[in-house]
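This briefing covers the ligand site, the metal site, the aromatic pairs and a few backbone details. Please read it alongside the sequence and the coordinates.

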Amino acid sequence: MPENEAIDLAARAVRAACEVTRALQDDLSRTRDAHAKADESPVTIADFAAQAVIGTFLGEPFVGEEGAALLLESPGLRERVLEAARRALPGLDEAQLVEAIQLGEASPSGDGFWTLDPVDGTKGFLRGGHYCVCLARIEAGTPRVAAVGCPRLGPSPGEVDGPGALILAERDRAGEPGRGRVFIAPLDDPTSRAAVLTPERPLDRSRIRITESVDPSHSDLELGPRLLRQAGLEAEEPLRLDSQVKYVVVARGDAHAYLRRPREGYADSIWDHAGGSLVAELAGARVTDLDGRPLDFRWGRRLEKNRGVLVAPPALHARLLEAMRQLEDAS
Ligand code: AMP
Ligand code: MG
C-alpha cells in the first residue's frame, strides 16, 4: 500500500470511529442502567461499532480485538450497534455491519496487516475518562503506520485532559529504526497537523513522573517507586491513565517514562501496543520490554516474546533499564 494512502486511510477511519465512540461515551450517564447486561454494555456497543466503522474504511481482512459471534446471536445487540455505527456511516445495513466486523477476525500475516483495538482502555471509557481508538499497520514484524485517536486528550503539551487529539505516525519505509514522522492534531480538525514534541528532558534536576495503568491487575504499580529509588531518582506523583494514551504522554513529555509489568505469564496483545509504541519511538523515546528487548510483533496476536514495557527518552531509559537489572539480580 502506498505510504500516504495508508496513513490518510487510517486517519479517516479513526476519526470516523471516534465520532461514534464519543457519542456513546457522552451518552453513558443517561444510559448506564439500561445497559447493565454485560453483552449489551455501552463499551461493547462502542467496541463493535468502532470496529465496524474501521473495517468498512479498510475493506480488507485485519487483526481486530473483536469478532462478530456475539452479534450474530443477538438481534437486539446488532440493532444497537448498527444505530451507533450509522452516526459515521449513515447508509450501513446489518449485513454490511457484520461483514465489516468479521473482516477483523483475520490472523496476522507475514505480508503486512492492520491491527485494531477499537476501544483501548475500557475502564477509562466507562468512567468517562481516557481511552483510545488504535489502528496500526504492521509490516516486516514492526509497526509502520499508526493512527491513535484519543478523545479525552488535549492536543497541546501538558493538556492531559482536553477536547480530543489524533496522533499519526509513519515510519520511513527504507529508513533506520526510529526514523519517520509523528504528528498530533485536534481530533475535530482534519486539516491541522502539528509536530509532536520530542520527549527529551533534562534529568539532573527533575523529579521523574512515571505513567502507568490505573488498573493494578494490569501492571505492578509498586515497580515505579522501587525502580526510581534503585536508579537514584526522585519520584513525582505518577500519572495513571488507561489505554495507549500513556505512550502519547511520554512522546510529548507530559510524563518521563511509561512502565508496565503485567503479572507473570500474561502476554500483551499486539493491538494494545502497536500504535502507541510507534508514536513514542518516532517522537524519540526508546521503547523496549523490561529486559531491554524491542517489542516483537512477529509472533501472532500476542507479544509472546516480550515481558512488560519500558518507554522513556534514551538517557532515562538506559538508567531505568540498568536499575531494573540490578533489582532483578538482587531478588
Ligand atoms: P491499561 O489501560 O494500560 O491498563 O491496559 C488496557 C489493556 O490491558 C486492555 O486493552 C487489555 O487488553 C489489557 N489487559 C487485560 N487484562 C490484562 C492483564 N491481566 N494484565 C495486563 N494487561 C491486561
Ligand atoms: Mg486494549
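**Site residues and surroundings**

D272 has a relative accessibility of 16% and therefore counts as buried. The model is predicted. D272 is among the residues that come nearest to ligand 1, and D272 is also one of the protein donors of the magnesium ion (ligand 2).

**Ligand 1**

- There are 13 residues around ligand 1, and those that come nearest are S213, H218, S243, K246 and D272.
- The shell around ligand 1 is made up of 7 charged, 4 polar and 2 nonpolar residues.
- K246 places a polar side-chain atom 2.5 Å from an oxygen atom of ligand 1.
- The side chain of D272 has an N or O atom that is 2.5 Å from an oxygen atom of ligand 1.
- S243 takes part through its backbone, where a polar atom is 2.6 Å from an oxygen atom of ligand 1.
- Ligand 1 taken alone exposes 510 Å², and the protein buries 83% of that.

**Magnesium ion (ligand 2)**

- D117, D120 and D272 are the protein donors of the magnesium ion (ligand 2), each through OD, at 1.9 to 2.4 Å.
- Along the chain, these donors follow the spacing D-x2-D-x151-D.
- D117 belongs to strand β2 (residues 113–120), while D272 sits in the loop between β10 (257–260) and α9 (274–282), so the pair ties together parts that are 155 residues apart in sequence.
- Why does D117 count as buried? Its relative accessible area is 1%, and the cut-off for buried is under 20%.

**Aromatic pairs**

- The count of aromatic pairs comes to 2.
- F125 and Y131 form an edge-to-face pair, with 4.9 Å centre to centre and 80° between the planes.
- Both F125 and Y131 are buried.
- The ring centres of Y247 and Y258 are 4.9 Å apart and the planes stand at 90°, so this pair is edge-to-face.
- Y247 is in helix α8 (residues 245–251) and Y258 is in strand β10, so the pair ties together parts that are 11 residues apart in sequence.
- Y247 and Y258 are buried.

**Helix α9 and the loop after it**

- How many residues of α9 are buried? The helix is mostly covered, with 9 of its 9 residues buried.
- The buried residues in α9 include G275, G276, S277 and E281.
- G284, just after α9, takes a positive phi of about 115°.
- A285 is placed in the loop between α9 and β11 (286–288).
- A285 has 6% relative accessibility, so A285 counts as buried.
- A285 and G253 are 32 residues apart along the chain, and their C-alpha atoms are separated by 9.8 Å.

**Positive phi in residues other than glycine**

- S243 has a phi near 80°, which is positive in a residue other than glycine.
- The place of S243 is in the loop between β9 (239–240) and α8.
- S243 has 9% relative accessibility and therefore counts as buried.
- A140 has a phi near 50°, also a positive value in a residue other than glycine.
- A140 is found in the loop between β3 (132–139) and β4 (142–150).
- Is A140 buried or exposed? A140 counts as exposed because its relative accessibility is 72%, and exposed means over 50%.

Conventions: Residues numbered from 1 in each chain as written. Chains lettered and ligands numbered in written order. Predicted model: local features only at pLDDT ≥ 70, side-chain atom pairs only at ≥ 80, totals over all residues. Heavy atoms only, no water. Near = heavy atom within 4 Å. Polar contact = N/O pair within 3.5 Å; in protein donor to acceptor, adjacent residues only side chain to side chain. Areas by Shrake-Rupley, 256 points an atom, 1.4 Å probe, with all protein chains shown as cover. Nonpolar A, V, L, I, M, F, W, Y, C, P; charged D, E, K, R; others polar. Donors = N, O, S within 2.8 Å, 3.2 Å for Na, K, Ca; no water. Helix = DSSP H or I, 4+ residues; strand = E, 2+ residues; numbered from the N terminus. Buried < 20%, exposed > 50% of the residue type's maximum accessible area, 1.4 Å probe, protein only. Phe/Tyr/Trp six-rings, centres within 6.5 Å; stacked < 30°, edge-to-face > 60°.
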